[in-house]
Amino acid sequence: MNSLPEKSPARWKLALLLGSVTFFSFIYFYEAGGWNQNSRFDLLRAIVERYTLRTDAYYQNTEDRALVAGHYYSDKAPGLVFLAVPFALAARPAMRIVGIDPESPRGEIALSYIVSAGASALPAALAGICLFFLGLRFGASTSAAAFATLAMALGTPFWAYATLFWAHALAGACLIFAFASALKLRESTTARRDFLWALAVGLTAGWATVTEYPALPASALLAFLALSQAWPRGKAARWRVLLGVGAGATICLIVLSSYLHAVFGSFTPGYAYLDSRQFTFMQHRGYLGLTYPHPDRLLKLLFGCSRGLFVSCPVLLAAPLGLWWLWKDRTHRAPALVAAAIVSYYFLFNASFYWWKSGLSFGPRYTGASFPLLCIGLAVAWQRATPAWRRVLAALALASVFVALMVVSTTSELSMQDSCPIIHSAWPAFWRGQLALNRVSMLTVAEAGSSPQDGAFNLGQLLGLHGLASLIPLFAIWILAALFWMRIHRRHI
């Protein structure tokens, strides 16, 4: 398929089509509760319902909690929750208008779905749009850029993370936004644009760290990338970039440090105050569970059947090759190097963590924020591949999408003890039509007892469909989107 002209308005139409279909695919599934998402939802409820940062009223529904001076708090970084607050504040009066009490069990389930859509799914879909334009920037055709976007959004564990009230999708979106903003500095022509794009880098990279503490080194690398893009244009441009990045990062630092000081009376992460016998290793193994990269863990994170990246999404085998090809092009050497460095950092970080399997999850969860940057390589790989190799890539992508679909349809929180949960758990449950298996609620114990339908669901089930038939509306949207894609291409080529 031919590519569209560089300045064709159809590129934006195709990007919005990709964003819409991936966003719908994300919000099609409600994954219900668990320690991780409940910890964040407890903080959200405390803010919007009780105007406090204490989660004392909700502490019983999670073990992911901090205990300080007799009061409970979320142990998580606050970025996801802070982003979700505006969605919650808008949703509560809207629910009252339609006759739903926002503080009833039904209302709280609806609220958890809305904030997951707004703070996880929406940024993840926007990250896909950003990835599409980055692919085009690096010389890929619209087909190659779309391949990378769909593979990332629907063929990796990123799909699962985007359906959950977890931080990985938002952190990954922030990193790729910062990456794209840094590259815009290369072509900036005015002092004002220098400062604004640098400010965007500081805000988005900084918010990645406010959302997930381990994003700090990646954020720093993106700040260096921004500076490198402006460096050839002289001292004045460099100072503008430093001021812009510094201003954005300072805003994020103020938000995070104010929160930590208000909650813990110090600038120490909440993981240092864990109130759980489940996480004693974080006090006795290195720094909060971090030691050094273990080669055996790294191999399992890449090729293991339990959490291996290339087992859950084999299409990503081509991504490192694509980044290498991108690096060989001198024009794009710096961004390729930074993207590869960030991906490498996340895998080394995950391999350094005692709890490297990351509890109940799909794929190497602690590396999840790096997936959008890793998938830049897929656009380049597709563009450089011969027709025969493109057929191989397409087959790997279809296998990856099928694996991700099986997992998000059944449960995205796969067992940590199972040696190969995709084969032993997701596969048989999917073909038996046992979908939306997670019955853990995001409500408190008392609220969950009064709400018989507070577990996972998909939108097809809400329409009265059962088993695999509940996925028919999702497939119908995919087919419709494919038809629109072909129509746009025919009209603009």
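A disulfide is a pair of cysteine sulfur atoms within 2.5 Å. That idea will be handy in two of the views below, all of which show a predicted model.

**Figure 1. The whole chain has 22 helices and four strands.**
Let us start with the overall picture. The radius of gyration is 22 Å, close to the 23 Å that the globule rule gives for 493 residues, so the chain is as compact as a globular protein of that length. Along its principal axes, the C-alpha trace spans about 60 × 55 × 50 Å. Of the 493 residues, 58% are buried. Among contacts with a separation of 6 or more, 75% are between residues 24 or more positions apart.

**Figure 2. The surface of the chain comes to about 20400 Å² of accessible area.**
Carbon and sulfur atoms account for 66% of that accessible surface. Now for the charges: how many positive and negative side chains does the chain have? There are 39 positive and 21 negative side chains. The centres of these two sets lie 15 Å apart.

**Figure 3. One disulfide, found in a search of the whole structure, joins Cys305 to Cys420.**
The S to S distance in this pair is 1.7 Å. Cys305 and Cys420 are 115 residues apart, and their bond links distant parts of the chain. Look for Cys305 in the loop between helix 12 (295–303) and helix 13 (309–312). Its partner, Cys420, sits in the loop between helix 18 and helix 19 (421–431). Are the two cysteines buried or exposed? Cys305 counts as partly exposed, because its relative accessibility is 31%. Cys420, at 8% relative accessibility, counts as buried.

**Figure 4. Cys174 and Cys252 have their sulfurs 8.3 Å apart.**
Here is a useful contrast to the previous view. Why is there no bond between the sulfurs of Cys174 and Cys252? The cysteine sulfur closest to that of Cys174 is in Cys252, and at 8.3 Å it is too far for a bond. Seen from the other side, Cys252 is in no disulfide, and its nearest cysteine sulfur is that of Cys174. Cys174 is buried, with a relative accessible area of 6%. Cys252 is buried too, with a relative accessible area of 3%.

**Figure 5. Helix 17 (residues 376–384) is largely enclosed by the rest of the structure.**
Why can helix 17 be called largely enclosed? Seven of its nine residues are buried, so the rest of the structure surrounds much of this helix. The buried ones are Ile376, Gly377, Leu378, Ala379, Val380, Ala381 and Trp382. What covers these buried residues? The cover includes helix 4 (105–137), helix 5 (142–154) and helix 7 (168–184). It also includes helix 14 (319–328), helix 16 (371–374) and helix 18 (387–410).

**Figure 6. Ser141 lies 9.2 Å from Val380, C-alpha to C-alpha.**
Val380 is one of the buried residues of helix 17. Ser141 belongs to the loop between helix 4 and helix 5. Along the sequence, Ser141 and Val380 are 239 residues apart. Ser141 counts as buried, since its relative accessibility is 11%.

**Figure 7. Ala32 and Ala69 each have a positive phi.**
A little background helps here. Most residues other than glycine have a negative phi. For Ala32, phi is near 65 degrees. This alanine is placed in the loop between strand 1 (29–30) and helix 2 (35–50). Ala69 has a phi of about 55 degrees, and its home is the loop between strand 2 (65–68) and strand 3 (71–74). Which of the two is buried, and which is exposed? Ala32 is buried, with a relative accessible area of 4%, whereas Ala69 is exposed, with a relative accessible area of 74%.

**Figure 8. Gly467 sits in the loop between helix 21 (459–462) and helix 22 (472–492).**
Gly467 has a relative accessible area of 19%. Buried means under 20%, so Gly467 counts as buried. Which residues does Gly467 touch, leaving aside those up to four places away in sequence? They are Gly433 and Leu435. Trp478 can serve as another landmark: Gly467 and Trp478 are 11 residues apart in sequence and 19 Å apart in space, C-alpha to C-alpha.

Notes: Residues numbered from 1 in each chain as written. Predicted model: local features only at pLDDT ≥ 70, side-chain atom pairs only at ≥ 80, totals over all residues. Heavy atoms only, no water. Helix = DSSP H or I, 4+ residues; strand = E, 2+ residues; numbered from the N terminus. Rg over C-alpha atoms; globule rule 2.2 N^0.38 Å. Buried < 20%, exposed > 50% of the residue type's maximum accessible area, 1.4 Å probe, protein only. Contact = heavy atoms within 4.5 Å. Areas by Shrake-Rupley, 256 points an atom, 1.4 Å probe, with all protein chains shown as cover. Lys, Arg positive; Asp, Glu negative; His and termini not counted. Charge placed at Lys NZ, Arg CZ, Asp CG, Glu CD.
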